[in-house]
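Open the model in your viewer and keep the sequence panel beside it. This tour goes stop by stop, saying what to select and what is there.

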Amino acid sequence: MHELVLQKDKLPSLLDCNYLVSHVPFKHVERTASFNVLILVTKGVLYVTEDGIDYEVGPGELLFLKSCVHCYGRKNRKPGLSWYYVHFLLSECKAQESNAPCTGSRLVLPKKTANLLHSEIEERLKALVDDFQQKNVRAPFTSNAALYLLLSELAFYAKRISSSNALLAEKLEHFLREHSCEPFSVASLEKEFNLTGKHLEYVFKKEKHCSLGAYHTEIRMAEACALLRTTLLSVKEISNKLGYGDMLYFSRMFHNTYGVSPSEYRRQIAESY
């Protein structure tokens, strides 16, 4: 299976990463790379053969290819295929190289993982690529650590997302965060997931122990706190920014959540410095 092993005390080395879209059909390049490869497909299907084993990687599926193992493509990728890739190095423990048990803390990365569209894994990967490609000044100092967090989160992700309900709850959570600056709308959820609001509420509450509306409010109030702490925006401006048309209603919701008004919260924060 050529699985990869992440060691607790050794960071990976990020060599390259990007997001690509193919406009013409082509096959996966034939090579025996000196680096490991992470591939996450967002649209279309990628075909790759590693050491004689054929893999078909569709939307939301992630595959690892191991360094120093021959791989190539048997089939053409169709136009419109889009995917993330990461080229990286891992420190291999001596025991692993000799097929003996490794000592110490380590994580075996899943060879292939599905259902990653709109997940926290995709979000982490996008952030990693954005920092790397934009030549962010912090990237040389943080990229290896960011990749380590991505890989370690991926190792636990498959175990955590073990049912269709848990996966749906994760997607609902992501959707609510993406739309935190809009009023809560059951109709929008039903349209996005093509399921009844009653079913979505049942699944989310069972998995997250919180109602959809309450979770959405929690996200908006947390964002309000951040804006009150870090900006000079007025309470009315923050209310509008978070999608509350009525500043008094926003203030009442904030007080119900934190026990103080937005203005009092800002004053308390200012006095603590």
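**Stop 1: a buried lysine and its partner**

Select K111: its relative accessible area is 5%, so it is buried (buried means under 20% relative accessible area, exposed over 50%, partly exposed in between, with a 1.4 Å probe and protein chains only). This is a predicted model, in which local features need pLDDT of at least 70 and side-chain atom pairs count only at pLDDT 80 or more, while totals for chains, interfaces and linings use all residues. Residues are numbered from 1 along each chain as its sequence is written, and side-chain values use heavy atoms, with hydrogens and water left out.

Now add E50. This residue is buried too, with a relative accessible area of 1%. The side chains of K111 and E50 form a salt bridge, at 2.6 Å from N to O. A salt bridge here is a side-chain nitrogen of Lys or Arg within 4 Å of a carboxyl oxygen of Asp or Glu. K111 sits in the loop between strand 11 (106-109) and strand 12 (112-113), and E50 in strand 5 (residues 46-50), so the bridge ties together parts that are 61 residues apart in sequence. Helices (H or I, at least four residues) and strands (E, at least two) are DSSP runs, numbered from the N terminus.

**Stop 2: zoom out**

Show the whole chain. The protein has ten helices and twelve strands. Its C-alpha trace spans about 65 × 45 × 35 Å along the principal axes. Of its 273 residues, 42% count as buried.

**Stop 3: bridges on the helices**

How many salt bridges does the structure hold? There are seven. Select K208 and E170, which form one with the closest N and O atoms 3.1 Å apart. K208 lies in helix 6 (residues 197-208) and E170 in helix 4 (residues 164-178), so this pair ties together parts 38 residues apart in sequence. Colour the two by accessibility. K208 is partly exposed at 29%, whereas E170 is buried at 13%.

Move to helix 10 (residues 262-271), which holds both R267 and E264, three residues apart, about one turn of the helix. They form a salt bridge with the closest N and O atoms 2.4 Å apart. R267 is partly exposed, at 38% relative accessibility. E264 is also partly exposed, at 25%. Then return to K208 and add E173: salt bridges that share partners join E170, E173 and K208 into one network.

**Stop 4: aromatic pairs**

Display the aromatic rings. A search of the whole structure finds ten aromatic pairs. Rings of Phe, Tyr and Trp (its six-membered ring) pair if their centres lie within 6.5 Å; planes under 30 degrees apart count as stacked, over 60 as edge-to-face and the rest as tilted.

Select F64 and F88. Their ring centres are 6.2 Å apart and their planes at 75 degrees, so the pair is edge-to-face. It links distant parts of the chain: F64 is in strand 7 (residues 62-65) and F88 in strand 10 (residues 82-89), 24 residues apart. F64 is buried at 1% relative accessibility, and F88 is buried at 0%.

Next, select Y244 and Y249. The ring centres of Y244 and Y249 are 6.0 Å apart and the planes at 50 degrees, so this pair is tilted. Y244 is buried at 5%, whereas Y249 is partly exposed at 36%. Extend the selection to F250, F254, Y258 and Y265, which form one aromatic cluster with Y244 and Y249. Then add R220, which lies over the face of Y244, 3.8 Å from the ring centre. The rule for a charge over a ring is NZ of Lys or CZ of Arg within 6 Å of the ring centre and within 35 degrees of the ring normal.

**Stop 5: a long-range neighbour**

Go to L151 in helix 3 (residues 139-160). This leucine is buried, with a relative accessible area of 0%. Measure from L151 to V5: their C-alpha atoms are separated by 9.8 Å, and the two residues are 146 apart along the chain.
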